[in-house]
Amino acid sequence: MNDSHEARSGRNYNTEELLREDLAHHLHPFTDYKSLAGEGGGRVVTHADGVYFWDSEGRRYLDGMAGLWCVNVGYGRRELVSAAAEQMMELPFYNTFFKTTHPPAAELSKALADLTPANFNHVFYANSGSEANDTILRMVRHYWHLEGKPEKRVIISRHNAYHGSTTAALSLGGMEAMHNQGGIIPDIVHVAQPYWYGEGGDTDPEEFGLQAARAIEEKILELGADKVGAFIGEPIQGAGGVIIPPKSYWPEVQRICRKHDVLLICDEVICGFGRTGTWFGLESFGIEADFLTLAKGLSSGYLPISAVMVGDRVAKSFIDKGGEFFHGFTYSGHPAACAVALKNIEILRREGLVERVRTETGPHLAKALKTLEDHPLVGEVRSMGLIGAIELVKDKATRAHFDEPGKVGTICRDHCIENGVVMRAVRDIMVMSPPLIITPAQIDDMIAMARKAIDATAKDIGMT
Ligand SMILES: Cc1ncc(COP(=O)(O)O)c(C=O)c1O
């Protein structure tokens with residue numbers, strides 16, 4: 001890898017023309033089309049290497065978001081490109097329906113069974129985190145049907161959770177704006193999130209964690225345990241603002257799920273593949289689950305692929321009881337995507353990246369973030385491994401947020417970009433999840449650019 005723009009670009013782009021074509025024809029995800037049109041388009045990203053990407057004007061950015069929480073092994077990995085190319089020459093596509101498999105699907109399944117906690121020995125493939133969560137919803141209901149308890153249909157989730165954007169996935173998620181655009185499917189309910197900084201008030205954080213977990217039990221008792229099939233949660237809520245639950249939360253959630261015979265789904269789409277300093281987020285919190293949702297870091301985003309890890313309890317029921325599971329996607333277990341995922345796991349292992357996050361870069365990010373705490377605009381910094389957040393607040397003492405959520409965050413995000421670092425603003429929380437290959441020196445650069453952006457934001461809003 002190298003980070004010289006000149007070495008990699010080799011092509012000249014006509015930015016104006018590209019933006020014109022894009023604006024005329026491309027409807028982007030999660031975008032206000034009127035405001036994008038008003039601005040005349042955004043940025044054209046042309047190439048990337050390591051932890052950096054470049055735009056069509058030749059500007060370099062440190063990618064503090066690993067694309068969209070996914071490029072764990074960083075950009076420019078020729079090994080991943082070769083793995084895809086070689087597989088496509090050999091067998092570019094064949095489906096995994098009709099009792100058929102191919103070498104990359106079989107090998108990846110074995111690798112995932114070895115890598116995930118001991119009770120996970122079976123995998124179902126899809127193409128995105130959303131599809132994987134749709135699959136889990138179908139599996140939960142299929143399981144309880146096979147077990148003779150078809151009325152255990154309800155799935156409990158949390159407000160401000162993100163589980164994707166298909167109709168089932170957005171229903172599982174707890175994003176009100178998404179629910180309000182077309183409604184949600186039945187038999188999914190939402191309870192409080194474990195967001196101590198924003199909602200914990202004077203309660204001790206660990207006590208607050210227990211209270212948040214007990215909201216799940218209250219919901220189970222209200223509906224009747226005979227109606228509740230599963231609980232779904234991200235170990236750390238990413239898109240919700242990097243909400244790291246108090247230590248007390250997850251063990252209590254697990255205890256409650258076991259007590260009421262409710263399946264536990266860990267959505268590891270962001271936390272999986274090393275982000276928190278363990279291979280999977282649930283290992284950082286010391287719990288077990290019945291399903292894991294895997295995507296993003298599974299292939300480091302080089303090709304679309306997701307996977308549902310199905311725990312032994314559910315898999316055994318499917319296999320012992322039989323009956324067709326009427327579900328699947330044309331590209332479930334796509335050969336090239338499986339080959340890339342296999343090579344990606346090999347790289348993570350060979351370079352000891354998960355270990356490095358746990359022992360070196362994760363602690364370094366925590367220390368670097370801490371230096372921002374003296375800033376009048378910064379209410380809290382928090383991180384686990386290489387996922388982190390900076391809460392921008394109106395009043396540090398009272399933890400009061402700004403009256404118009406998202407305005408200050410957006411200003412800060414734009415200043416970050418001007419300073420050459422990409423972070424995302426969730427309301428007024430600056431969130432980051434850089435590639436796992438980031439070095440301590442690059443972390444220091446990232447935080448130095450963030451400080452400049454926060455200073456400029458404070459100036460813009462008249463705080464300094
Ligand atoms: C926790 C979580 N689950 C599911 C998804 C949806 O994944 P996808 O966008 O691949 O459908 C995301 C996406 O950010 C996510 O963060």
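In the predicted model, isoleucine 232 of strand E7 has as its bridge partner isoleucine 265, which lies in strand E8. This pair belongs to a wider association of the two strands, since E7 and E8 (residues 263-267) run parallel and are joined by four bridges. Strand E7 also pairs with strand E5, which spans residues 154-158 and runs parallel to E7, with three bridges joining the two. Within this pairing, isoleucine 155 stands opposite alanine 230 of E7. Strand E7 itself, which comprises residues 228-233, is mostly covered, with six of its six residues classed as buried.

A further contact involves two helices. The axes of helix H5 (residues 78-90) and helix H15 (residues 335-350) come within 8 Å and cross at roughly 150°. Angles over 145 degrees count as roughly antiparallel, and H5 and H15 are therefore roughly antiparallel to each other. The crossing in which H5 passes H15 is right-handed. On the side of H5, the contact is made by Glu79, Leu80, Ala83, Ala84, Gln87 and Met88, whereas H15 contributes Pro335, Ala336, Ala339, Val340, Lys343, Asn344 and Ile347. By residue class, the contact of H5 with H15 consists of nine nonpolar, two polar and two charged residues.

Methods: Residues are numbered from 1 along each chain as its sequence is written. This is a predicted model: local features need pLDDT of at least 70, side-chain atom pairs count only at pLDDT 80 or more; totals for chains, interfaces and linings use all residues. Axes are lines fitted to C-alpha atoms, for helices over the stretch in contact, and angles run from 0 to 180 degrees between N-to-C directions. Angles under 35 degrees count as roughly parallel, over 145 as roughly antiparallel, 65 to 115 as roughly perpendicular and the rest as oblique. A crossing is left-handed if the near helix is turned anticlockwise from the far one by less than a right angle, and right-handed if clockwise. Two residues are in contact if their C-beta atoms, placed from the backbone, lie within 7 Å. Ala, Val, Leu, Ile, Met, Phe, Trp, Tyr, Cys and Pro count as nonpolar, Asp, Glu, Lys and Arg as charged, and the others, Gly among them, as polar. A residue is buried if 20 or more other C-beta atoms lie within 10 Å of its own, exposed if 12 or fewer, and partly exposed in between; C-beta atoms are placed from the backbone. Two strands pair if DSSP finds at least two bridges between them.
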